[in-house]
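Work through these short exercises with the model open beside you. Try each task before you read its solution.

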Amino acid sequence: MTILKAENISKQYRLGLVGTGTLSHDLNRWWAGIRGKEDPYLKVGSVNDRSTKADSAYVWALKDINFEVQQGEVLGIIGKNGAGKSTLLKILSRVTIPTTGEIKTKGRIASLLEVGTGFHPELTGRENIYLNGAILGMSKAEIKSKEAEIIDFSGCERYVDTPVKRYSSGMRVRLAFAVAAFLEPDILVIDEVLAVGDAEFQKKAIGKMQDISKGEGRTVLFVSHSMAAVKSLCTRAIVLEHGKTVFEGGTDEAVDFYLNNENMQLGSGIADYKDVELGTGDLQLLQVSVTDNMQRIRTAFLQSEAIYVQIIFLAKTELKGMRINLSVKNSYGVVAFVTSSHELTKSGISKGEHTLKLIIPAYLLNKTQYTLTLNAGIPGKRVLIEPIDILLVNIEGENAGGSTYIEKWPGLVSPKLEWTLDE
């Protein structure tokens, strides 16, 4: 049975302004409406691409989105930051209305869109449980029957009679998820907020969502940047790019499409940012490259080869205590390891252009593909560069030229360790 249907959903925003726009635009819309004409401002607007300069005062955050969700299905919605995922969930949750199109649903929708959404900060955790239940249309008796389960699952029993404004972000998301999941909505809408919780809670939350869909036959819409979570939880997925649906199908196929689409942009071996404003006013990333020991730009390496990473950046002022971090993660977004320039740069970086170099040793990475992600900042003070996927590195086994064949072992890395045998 179809429980949710999105028909030609589009959402347009005007850049730089809050509200519907100018009085003249409102009058033009009104005049078009009484003449039975289409809204004239639906014909303009640029594509929602963050990497390009706006060529219109209007932007389409979503454009002509169509899909159906069956009862008991878990639909994953994946895409880069700015693809339109959160906007779509807000429309599905009735937080905002679409510019065009229609959402048809059957039953109650509970949403977990941002940390603390739907909570009144001055009320206690217990009072917010009853408030959210009332918003969902539940009676006090129905909420009371679920109260103990909600409090137990959230792990916030000690603080349940404390105002929510005193909760940490992790405590808020724990309680918010428990409220949304246990008050028995027909459709549960979950944005990336689970990333706020610790590993133990994320595991519990994913288990609960699986119970909701498989055991209780309710529907879940799930947005996440963790491809591992999407694969383990979702039965089907759609991929959004620049506000449009670019793929819809099985979860494995959708994840592969998304990763391959990303890989086309990252798989060059060198990333040049000289003409891109990447970084704050104090730090500008210029270039990142991966080479072999002969300084040749490469995208694929044998397991027996070391990988040389070079990061060129411009400090526009002296930066004390700064660090650049590089994380290496697999194609599902699971981090294999993180390394930092902290020991080298903590005493300070002078104004001007600098080059950081590091070596990823041979016989460390597994026979698979990895993404290098970079960020920079001064710990406890400010962010200099938000985390950004920079480059892809493919690690290949070797079985030619008389070299020893190296297997692909399970795990994020496959280090060559020394064994000894005493006889």
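**Exercise 1: a residue on a helix**

Tryptophan 31 is partly exposed, with a relative accessible area of 44%. Buried means under 20% relative accessible area, exposed over 50%, and partly exposed in between (1.4 Å probe, protein chains only). The model is a predicted one: local features need pLDDT of at least 70, side-chain atom pairs count only at pLDDT 80 or more, and totals for chains, interfaces and linings use all residues. Residues are numbered from 1 along each chain as its sequence is written, and side-chain values use heavy atoms, without hydrogens and water.

Task: find the helix that holds tryptophan 31.

Solution. Look at residues 23-34: this is helix H1, and tryptophan 31 lies in it. Helices (H or I, at least four residues) and strands (E, at least two) are DSSP runs, numbered from the N terminus.

**Exercise 2: the buried side of H3**

Task: list the buried residues of helix H3 (residues 125-135), then name the helices they pack against.

Solution. Step one: the buried residues are Gly125, Asn128, Ile129, Tyr130, Asn132 and Gly133. Step two: recall that an α-helix has 3.6 residues a turn, so residues three or four places apart point the same way. Step three: the buried residues of H3 pack against helix H4 (140-154) and helix H5 (169-182). Contact here means heavy atoms within 4.5 Å. Step four: move past the end of H3 to glycine 137, whose phi is positive, near 90 degrees.

**Exercise 3: positive phi without glycine**

Task: where is histidine 242, and is it buried or partly exposed?

Solution. Start with the backbone: histidine 242 has a positive phi of about 55 degrees, although it is not a glycine. Histidine 242 sits in the loop between strand E9 (236-241) and strand E10 (244-250). Its relative accessibility is 23%, so histidine 242 counts as partly exposed.

Now repeat for glutamine 295. Its phi is also positive, near 65 degrees. Glutamine 295 lies in the loop between strand E12 (283-291) and E13. With a relative accessible area of 66%, glutamine 295 is exposed.

**Exercise 4: the sheet**

Task: give the strand order of the open sheet with 5 strands, then name its edge strands.

Solution. The order is E13-E19-E18-E15-E16, with mixed pairing. The edge strands are E13 (300-302) and E16 (335-340), each pairing on one side only. Two strands pair if DSSP finds at least two bridges between them. Zoom in on one pair: E15 (residues 323-330) and E18 (residues 369-378) are antiparallel over 8 bridges. Valine 328 has leucine 372 in E18 as its bridge partner.
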